[in-house]
Amino acid sequence: MKSICVLISLLVFSLSACAQQEESSVKAESPSTINYTVETVVSDMKNPWGMAFLPDGSLLVTEKEGKLLHVINGQKIEVGGLPEIYVRGQGGLMDVELHPNFSKNKLIYFSYASAEGEGEGGNTAIMRAKLVDNQLKEQKVLYKATPNTKRGQHFGSRISFDRDGFLYFSIGERGNRDVNPQDITRDGGKIYRLHDDGSIPKDNPFVNVPNAKKAIYSYGHRNPQGMIVHPVTGAIWTHEHGPRGGDEINIIQKGKNYGWPKISYGINYSGTPFTEHTALPGMEQPFFYWVPSIAPSGMAMVSSDKYPSWKGNLLVGSLKFQYLERLVIENNSVVKREKLLEGMGRVRSVVEAPDGYIYVGIENLGVVKIVMK
Amino acid sequence: MMYRIVLGIILIPLLGVAQEKEREFAKSIERGEVIYEDFCMNCHMPNGEGVAGVYPPLAKSDYLVKNLEKSIYAVKFGLEGEVIVNGKTYNSVMAPLGLTDEEIADVMNYINTQWGNTTKKMLTAEEVARIKK
């Protein structure tokens, strides 16, 4: 009898040790009726990576290949004065964000791949500049990740300001999974926090750790391409690409380790496992994880009253399946996932504008606005 | 006897050149594998199978065999509009990747020799350089 027990437990153990992936607890579904319409507000764009609305209702939108466009009443004006941009693989001109006090100081912030500094290749940089008559002035590099690398992936690059005026941004692990994300003396695989002028906040978590990158706020990330300030709690929420399965939504806490690649719900693209752990002590669990991966990019939370039935829902672009995902959250967990804008293209970015409407950046299309019927 | 010596004098260096070319080809394929994982695999998948209706397959792709120059052009300058691969129509966009001519040759050599693709001829950086916008 005893030997049978041992045999069974061995069998169970060996089965569970295989690269079995646990699918997301809630599956994405198409709506039974479509209760919204879509209006194109900017057309003929290749890759509208990031968007920011100005107080006058006009729009700043990046084109990944290295153009910053100011869209006024549907007219595109190219903004001058960008730095040299390293356009390779997933890198280029990426997110753009306004200073919280933009109406007075005209400051904008943007992320881009830059070849500046030593070594071949590039890495993610954050620049601040003043927008004057569609020209960038007083350009200042606030952060440039090192080292440069020719790897084509995982630049991260989303930017947000929280309610206290801190500047947060993400940098992905640049394809160096086993070296960067768990090492706080290296860039990559991190969420960063700075003052609006680029200086390091005195209470950043690793300011007293020798050799640490002092701008780091959290670590153990893969490639975060979505970031928001929660409209009710004010917390920083991010999502990140997993490998094959294991995309995550995380609520960012100071100094915490989000586990990549020590823990993950994903497996290698080839199907082999790289870790047997989905949880370990000292590492944060995601708020939600996607298996299979949707390849998330861009995130917004509906807070306006233009969409009464969507209020408090999270919107996340899917590059892989080419739709905008609406996640309904109840009692601190995802209870429903719905596909919006199906079949329009790879959804790269999504924002809720000051006018209360949701605007979505779609590759090979441009920017569309969602209006309830 | 004389005949054999003459033949040997001619053949031995030729064999050496052929072997050297084989080695170069193998090295190029090896470098190409890294480029593939880095720049192509996300969409075209680990075994070149692509994604139905969205990203065309590279494995046993008739397009690659019939349109080598167009394929190089696509990797170099990007691709927009309809393409028909193995009888199926695709209409996505591939952005230019920012690869050097040598990297393009390497990744094409990798793709052209994997997953049932059986190109015997090595593509060189010089041939890639000749493809202009």
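**Notebook: cores, pockets and unusual backbone in a predicted model**

I began with B:Ile104, and I noted that, apart from residues up to four places away in sequence, B:Ile104 touches B:Ile72, B:Val75, B:Lys76, B:Leu99 and B:Val128. I keep in mind throughout that this is a predicted model.

I then looked up the core around this residue: the largest nonpolar core has 25 residues, and B:Ile104 is among those that touch the most other members, together with B:Tyr36, B:Ile72, B:Leu99, B:Met108, B:Ile111 and B:Trp115. In chain B, α1 (2-44), α3 (68-77) and α4 (101-111) each supply at least two residues of this core, and α1(B) gives the most, with seven residues. A second core, separate from this one, has 19 residues, including A:Leu107, A:Tyr109, A:Phe161 and A:Ala212.

I went back to α3(B), where I found B:Ser71, B:Ile72, B:Ala74, B:Val75 and B:Lys76 to be buried. What do the buried residues of α3(B) pack against? I found that they pack against α2 (62-66), α4 and α5 (125-130) of chain B. After α3(B) comes B:Gly78, with a positive phi near 90°.

For chain A, I checked confidence before reading further: the mean pLDDT is 94, and 95% of the residues reach 70 or more. Over residues 5-18 of chain A, however, pLDDT stays under 50, and the model has one contact beyond four places in sequence for them. Where pLDDT is low, the predicted coordinates should not be read in detail, and I leave that stretch alone.

Next I turned to open space in the structure. The second largest pocket holds about 910 Å³, and among its 36 lining residues A:Glu97, A:Ser160, A:Val229, A:Val351 and A:Glu352 lie nearest its centre. Several elements of chain A each supply at least two lining residues, including β7 (93-98), β11 (159-161), β15 (223-229) and β23 (347-352), while β3(A) gives the most, with five. By class, I recorded 21 nonpolar, ten polar and five charged residues in this lining.

I also found one cavity of 30 Å³ or more, with about 30 Å³ of space in it. Its lining includes A:Arg222, A:His241, A:Glu248 and A:Trp260, and the classes there are three nonpolar, four polar and three charged residues.

I then followed A:Phe287, which lies in the loop between β17 (247-251) and β18 (288-290) of chain A. Is A:Phe287 buried or exposed? A:Phe287 counts as buried because its relative accessibility is 17%, under the 20% cut-off. Neighbours within four places in sequence aside, the contacts of A:Phe287 include A:Trp237, A:Ile249, A:Ile329 and A:Val334.

Last, I listed the backbone exceptions, since most residues other than glycine have a negative phi, and most peptide bonds are trans. A cis peptide bond joins A:Thr146 and A:Pro147, with omega about -10°, and A:Pro147 sits in the loop between β10 (135-144) and β11 of chain A. Another cis peptide bond joins A:Val291 and A:Pro292, with omega about 0°, and A:Pro292 is in the loop between β18 and β19 of chain A. I placed A:Ala295 in the loop between β18 and β19 of chain A as well; though not a glycine, A:Ala295 has a positive phi of about 60°, and it is buried, with a relative accessible area of 16%. A:Asn211 is not a glycine either and has a positive phi of about 70°, but A:Asn211 counts as exposed, at 65% relative accessibility.

Terms used:
Residues numbered from 1 in each chain as written. Chains lettered and ligands numbered in written order. Predicted model: local features only at pLDDT ≥ 70, side-chain atom pairs only at ≥ 80, totals over all residues. Heavy atoms only, no water. 1 Å grid on protein atoms, 1.4 Å probe; cavity = no way out; pocket = protein on both sides within 12 Å on 5 of 7 lines; lining within 4 Å. Points joined across faces, edges and corners; volume = space filled by probe spheres on them. Nonpolar A, V, L, I, M, F, W, Y, C, P; charged D, E, K, R; others polar. Core = buried A, V, L, I, M, F, W, Y, C linked by side-chain atoms within 4.5 Å. Buried < 20%, exposed > 50% of the residue type's maximum accessible area, 1.4 Å probe, protein only. Helix = DSSP H or I, 4+ residues; strand = E, 2+ residues; numbered from the N terminus. Contact = heavy atoms within 4.5 Å. pLDDT = per-residue confidence, 0-100.
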